[in-house]
Structure formats: C-alpha cells, structure tokens
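Open the model in your viewer and keep the selection panel at hand. The tour moves from one selection to the next.

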Amino acid sequence: MSENVRELLVSRKTGESCIHVKHRSGLDIFIREMPGFSTVQALFGTKYGSVNTMFKTAGDAEYTSVPNGIAHFLEHKLFENEECGVFELYARTGAAGNAFTSFDKTCYLFSCTKNYTENLRILLDFVQKPYFTKENVDKEQGIIGQEIRMTNDRPEWRVFFNLLRNMYHEHPVRIDIAGTEESIAQINAELLYKCYDTFYNLNNMVLSIAGNVREDEILKICDELLRPCEDKGLECVFPDEPEEIAAPEIYEKQPVGASLFQLGCKCPPAETGDIKKLMAATVAISIIGDASSEMYGRMLNKGLINSTFGGEIFSGNGYFSAIFSGESAQPEAVRQEIFGEIKRISREGIDEKLFGRIRKSLYGSLIRELNNVGAVANLMINSAMSGFKPFDAIDTVSELTAEDVLRFIRDELREDRFVLSVIERMES
Amino acid sequence: MNYKRISLGDNIGFSTIIDEKFNTCSVSVKLITELSPETAAAKYLAADILSISNSNIPTLAEMNERLSALYGASVGSSCSSRGDLQPVSFSASWLHDRFAINGESITAEMLEIIRDCLFSPNVIDGAFEEEAFRIAKNDLLDTIDGQINDKRSYAISQLHKKAFEGEPAGYPETGSREDAENVTAETAYKVYRELMKTAQVEIFYVAPEENDDVAEMFRNAFAGIKRCSRQYKFRAPSPLKPETAVAEETLDVRQSKFALALKSSSDDIFALKLLSVILGGTPSSKFFVNVREKQSLCYYCACRYSETKNYLLIDCGVERDKIQAAYDEICRQTDEVKQGNITDEEIGAALLSLENAYLAVQDTPSGCISWYFDVFCSGEIITPEEYFRKMAGVTRERLIDAAKSLTIDTIYKMLSKEETE
C-alpha cells in the first residue's frame, strides 16, 4: 500500500463521527477531534494478549508455544529502551504514560494537556523499538512476581479467575493474564523478541487518539515515524474447547469480610464483528438483573444480595460469557433466583416497557461516553480490535428488538452452562 | 469553562460551572458536618436512603425504573471523611435535554427527583420507611465487613486509625459495626433532619448552559428549613506523637504491605504537596525509580499529601522479608531531599505532571466538581491555572524545609503468613 486511505465514520443515529485512516504502513488509525477539551489521550495497541500463547506466521513451519504471562511481561519490558525508561521521556513532557495487557490486547497510552505531538512521537517511537537483555529481563521477574502476588490477594480477581478456570477446559482465557511466578521464570530475551516480531507488526496494531488534536498533525507524525511492515500472515490457534463447562462450582476461602460470588454462563463465542449478539446479551443481563426488576427486589428483601449486585458480558476471541456478580452469604440461593428468572422470561417473554427502558438507559450511557476523551479513545481502539466500528454499539442498540434479546436468553443462557465461583470468608 | 458562585443565604453556596462541550448535566450537594463516632454511621445510612427513594418514589425498584427511563440518569451518595469532617455528598447526573429522542425535558424531571430525595425523603411516623432503611443498613454492614477485601485501602485505614487516634479523622466514616447495628430508622431520620438544618452546604451544578431553575429549586427548598449552621474549618493538622507508633497484624495474604504517616510541622502546603509528588507521586519519582525500579523491592510505593491533617502518607506492597530494605530506602530517599539532593529535572517533572493533572480536571463534570470543592475546602477558590502558578513558585529551599519538617509518626505493617508458617 503506498497511500493512506481515509474514511469518515458516522453514527447513523446521532451523527457523531470520527476519522479512520488505513495508513500505508499497515496501521489502522482512529482520530476523534474534540474541540473545547483540554486533554488528549492516545492508545497504541496490538491484538496480542494473554490468550495468544500459540501462533505462527506464514513463514513458520511450526506453531510456537510460549510461557503463560509473556504478553504482559513484554508490555513491562517495552517500557524500557536502550537509553532510558519511557517514564523518563514522559516526565520531560508532563504526560501520564501507562500500559495494560488484557486477554486479547496490549495497549500503550498517554494522556496529556500539553505537547501532544511530542508525546505521540515518544509513543510511536518506543513501541517500535524493543530492547530486551538478560539483565533487564531478570530484573523484571521480581517486580512482576510482586504484581502477581498482589493481584492474587484481590478477592474480586480470584473469584473471576476461579470462574474462568471452571468454565473453560482448554482455552487460555482460563490462565491469569500475568501468568504465574513459575511460568514467567521461563521467559527470556529471545522469546520476547520472537513474540514482539510476530505481534508488534503494524498490520496487527491500532492507534487511537482523541481530544484536543488535529488530524493533519497526527498523520504527519505517523508518516514520519511508522515503519512500513509486511503483513506476515499471523495465525493464532486455540485448543478445541468443548461447549460444556469444566465444573459447576468452585469455592475458595480468603481473608475477606463479605463473601463474594460470580455466576457465569458459558455461551458459544461470537463471530468476529458480531456486535448484535454482544448488545443483545448486554441488554439481556440488564433485563434479568436490573435493579427495577421483581427478582432484584425479592433478593434484596430476602437479604440475598446488596447494592454490589450487577452483571456484565465478558467476550473475546473464542470465549463469551454472561456474568452476574456481587456479595452474598447465600450465593446458591442467588443462583436459584436467577435460574427462575431466566425460565420465567423464556416462558412469558420480555415486558416491552422494561425492554424500552433498558434500551434507553444503555443508549444514554453510550452517548455520555462520547463526552469523555479517555472513554472515546478506548471506545475506538476496543471497537477496532473487536472488528466493529466505533459507533456500531449506539446504532445497534437503537435498532435492537425485544425478540433479539429473548432469543439470546432462551437459546444461550442454559442452566447446565453456568458456573458458580465463590470466595468465602475465612474464619480466623 | 465559566465558574460562578453565589450565596443562597444561610451558609449555602451555589456554584455553577458552565461549559458547552459537556453533553450532561450534573448536580452535587455537599452537606459539610463533623465526623463524630456518635453520628457517622447514621449519616452514612441517611445519605444512602436519600439516593434510593423519596416520598414520591418510595422504593429502589421504582427509583431505578424512573432513572433508566430518563436515559440512564443516576442518583447517588457518598460519605467519605475529609480530615476531621464528614461531608455527606448527594449527586445526580443526566443527559442534556437536546439528546432526548422524543424532545422530553429530562432536566425538569431530574430536578423534581433531586428535590424530593433531599427534602422529602420516604418517611413514616418520624422514621425512615422501614424497608428502605433495612436495605441501606444491610448495605452499610456489608460495606464495613468488606473493608478488609481491598488490602491496600484496608492497610491505609488501619494506619489512619493509629496515626489519628483520639482525633475524629481516626474514626471510620462508616462508623464501627456496632455503631451501624445500633442505628434505627428513627435515629437516622433525626440525624438527617439535624444535618439539613446545621450542615454547611455547597452545591455544584455543571452543565453545557445556564439554567436558573436549579438555583431557584434549592433556594425554595431550603427556605422551608429553619437553618442554624456554622462554617467549618477543614485544616486540622494532626499532632505528632512523642514516639513513633507501630501497628502490625498478620493476615493470610500473599503480599505484605506497609504504610507510614509522616507528620509535618510546616504550613507550606504547596511545598509539601510538591514534595510528595517528587517522592512518590509519579513513575519518575524517587520512590518509584529507586525502591521499585532499581531495587525491585515492591510493585508499588506511593506517596501523597493530606492538607487537612498535614501529613504525608507513604504505602507500598512488598515481600515480608523485604520490608526493612524498602523502609530503609524510603528513609534514605527522604533524607536525600532534606540534604538538598534533588535535581532540577525531578522538580520539573513533578511540576509538569501536576500541571497536566490540574488542567485535565476541566474535561469532566466530576473533575470540575472535585476541583472547586477542593479549593473551597482549602479556603481560596482559584482556577487550576492559578493554583498551578502558586505551585510553580515553590523553591528548592522550601522543598528542603518541607522535607525537614517531617517526622515518622506511625508505621503500619500487614504481614503475610505464608513466609513464616
């Protein structure tokens, strides 16, 4: 590709827009100019997360398997280049720099109120310039070891991973994003370079930038700093995952004051770009667990739940689940209530008024997101990495019908696909 | 952004922050009152009840029904302590009317809901309605029980308890479990009435355009209350203990934690604030670079300054057998500043980071409210730019003096079991 290809992406429903540029280097760039705002947020990310543990490119004869937690380890190490740490570079401009690794992506970001062009230069430069040595890899083992310990002390993290471990037999989503102290001990500079060269190819990456910016200034810097990449035909494989869950219940004791639970349903994974399923599922869990519902009121009155009760959809490449969570001393009774409500809705259908209200509420929250620089930058990169356009969610919600939601509830929320994960209070 | 504050009389301030870039409207009402063991739990409960029901919308289910129909508008409350005070916060946020699909006025409905929640709660025979009260009370008891779930904030709360022993700030904003259990629907209602009568009130309205109806609604509603309030002083420096206090406990955790309270004898709040950023407020700070990056002693080691209690809080997550090494390095880095070993780059980086953070507050309604409430509490209502100019005026000498004014008052350690047993 020799030229940049530009398109304006517009919401059919609201008229909100952003710019998408397929850069000649292979990178997808999303820009939303937000005049009047002081801040700028940029995210430069790769479709590479903790689940990508087995892969090959068109030039490789064999698949490569790598230790759990390596994507996260790589993220830490990319923050250090040959001359100095990246934080030092941001310290000179005042930007707040950071990075995160999730199940299916790694993103490097900054937010700033001044010098955004300089910060963008720092971001694009260091992410394209890896520097791994035995010494700096060894040093990181200790810091990440501490991070793993810290997250294992977080009950909300344990309850979630216990849930995933019991939901999935083989899919690497069941493994902690940071890996374990044992798995990260196997990581070395050579493996990091192998992963970097495979996944940090601009054809596999997205740049998202929102706020007080100008498209021409951004593209000028991109033209200058992005090194064209050959598309290497990256292919990730995941082990065959049965439709059934691994085990229906898991309990763990921790020093917590209030017991926590997550009740998750393993659903068939969505096809890439299937935003309709995602939105139908999002509305479905609101309809089942909404605070205005009869079931919610009943559980609250019986003291089964408190105000922490809620639901969310967790989805990505090869996994999709609907999860209810909260604090409860009787999580099994909560499960029975939710099963009863799913049966009732499947039998009686969805109340049209309730559906209209929930849809309106979701629509409102999506509109509100567009008023926040960080939320917009995240929306653009998340959508792009999931195969959607940034305003697809708003447009899809507006057009969703109660029948779409009922179909999801009837077909996908099966009792035998639910896992209950509980962190119980440890008696001292 | 256009900021304006007027008085609604009777110790009630009303601030408007108008910025056409926002697509939402937000209201936040701060009822400022002292933090006291006798009333903390009752205030917490009253605040919660106000946000889940009112006399016209008597149940949580109906409240949620109304709010979701208003495009997912929200109503909430919080009761965090601020030094020795306990501002009870009631807030609401909704989409601006121009986004309403059928042209309905979301704002008019929301103003009614806010008025009814604050001034006409769901009360039967001189007590909060029993059902709403029971839900709120269970929630509070779960909140108190759940405080230990987040180990980092639990460690900080235990440090506060020890560092501010005998002062209101040493008391939890939720009250103790026993306090919470003893509150009745009647006593909570009494405390609410007292609060509306005696609290110093600051109201904030953030929106894309002016709307006189908001101030008018509050003016009229407060006119029905016989007010008798006083002005509170937020800054109440904590006295230094004659000897460093140490509190420790062993828990079944994988990572140990420790936290330090360093009390200051200085009133130079700008120097102390800047010092806290240089020590542990950014990834280029002395603690991050030396304790975490160079020595790999911990995953986080942070520092922040409290203007109200005039102390620096330092906390870190660390392996049990590295606590002493981390402590020594923290002391060494603090001593470095006392001896003047602080580079222009370190000062410059801290200032740039603060400037970035200050300017960014104007981009969200919640940022604007926090900013203008914070500066109100500090006693001088100034813009982020003006505040930063004062910060930028801090000299190296003032930083050294600020560092010299610090003494370790309290140490809290949460020790992991697994390395000993």
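The stops below take in the chain interface, then the domains of each chain, then a small sheet. This is a predicted model.

**Stop 1: the interface of chains A and B**

Colour the two chains separately. Select the contact residues on both sides: 56 residues of chain B meet 54 residues of chain A. Chain B and chain A bury about 4,900 Å² between them. Carbon and sulfur atoms carry 52% of that area.

Now show the charged side chains. How many salt bridges are there between chain B and chain A? The count is six. Zoom in on A:Lys114 and B:Glu355, whose side chains form a salt bridge with N and O 2.6 Å apart. Polar contacts between the two chains come to 31 residue pairs, both residues at pLDDT 80 or more.

Stay on the chain B side and switch to cartoon. Six elements each supply at least two residues to the side that touches chain A:

- helix H2 (60-69), helix H4 (130-145) and helix H10 (286-294) of chain B
- strand E11 (298-306) and strand E12 (311-318) of chain B
- helix H12 (344-360) of chain B

Which of them gives the largest share? Select H12(B): seven residues of this side come from that helix. Colour the chain B side by class and you get 22 nonpolar, 15 polar and 19 charged residues.

**Stop 2: the two domains of chain A**

Hide chain B. Select 5-236 of chain A as domain 1 and 249-425 as domain 2. Their centres, taken over C-alpha atoms, are 27 Å apart. In contact are 48 residues of domain 1 of chain A and 47 residues of domain 2 of chain A. The two domains bury about 3,800 Å² between them, with 70% of it on carbon and sulfur atoms.

Select A:Val159, A:Leu163 and A:Met167. These three supply 15% of the area that domain 1 of chain A buries against domain 2 of chain A, more than any other three residues.

Next, look for charge. Two salt bridges cross between the domains of chain A. Separately, select A:Glu399 and A:Arg12: they form a salt bridge, with the closest N and O atoms 3.0 Å apart. The polar contacts across this domain interface number 13 residue pairs, both at pLDDT 80 or more.

Which elements of domain 1 of chain A give two or more residues to the side that touches domain 2? They are strands E1 (5-10), E2 (17-22), E3 (28-33), E4 (40-46) and E9 (205-211), and helix H5 (155-167), of chain A. H5(A) gives the most, with 10 residues. By class, this side of domain 1 of chain A has 24 nonpolar, 14 polar and 10 charged residues.

**Stop 3: the two domains of chain B**

Bring chain B back and hide chain A. Domain 1 of chain B runs over 2-223 and domain 2 over 245-416. The C-alpha centres of these domains lie 30 Å apart. The contact takes 33 residues from domain 1 of chain B and 36 from domain 2 of chain B. The buried area between them is about 2,800 Å², 75% of it on carbon and sulfur atoms.

Select B:Arg82, B:Arg152 and B:Leu159. Within domain 1 of chain B, these lose the most area to domain 2, together 23% of what that side buries.

Five salt bridges are counted between the domains of chain B. Show B:Arg152 with B:Asp315: their side chains meet in a salt bridge at 2.8 Å, N to O. Four elements of chain B each supply at least two residues to the side of domain 1 that touches domain 2: strands E1 (2-9), E3 (24-32) and E8 (200-207), and helix H5 (151-163). H5(B) has the largest share, 10 residues.

Move to B:Arg82 and B:Asp374, a salt bridge of 2.8 Å, N to O. B:Arg82 is in the loop between strand E4 (74-78) and strand E5 (88-95) of chain B, while B:Asp374 is in helix H13 (residues 365-378), 292 residues apart.

**Stop 4: a small sheet in chain A**

Return to chain A. Select the open sheet of three strands, in the order E6-E5-E10, with antiparallel pairing. Strand E6 (64-65) and strand E10 (235-236) of chain A each have a single partner strand, so one side of each is left without a neighbour in the sheet. Strand E5 (residues 54-56) of chain A pairs with E6(A) over two bridges. Finish on A:Phe55, which stands opposite A:Thr64 in E6(A).

Notes. Residues numbered from 1 in each chain as written. Chains lettered and ligands numbered in written order. Heavy atoms only, no water. Contact = heavy atoms within 4.5 Å. Buried area = accessible area lost by both parts, 1.4 Å probe. Salt bridge = Lys/Arg side-chain N within 4 Å of Asp/Glu carboxyl O. Polar contact = N/O pair within 3.5 Å; in protein donor to acceptor, adjacent residues only side chain to side chain. Nonpolar A, V, L, I, M, F, W, Y, C, P; charged D, E, K, R; others polar. Domains from an automatic or database assignment. Pairing = 2+ DSSP bridges.
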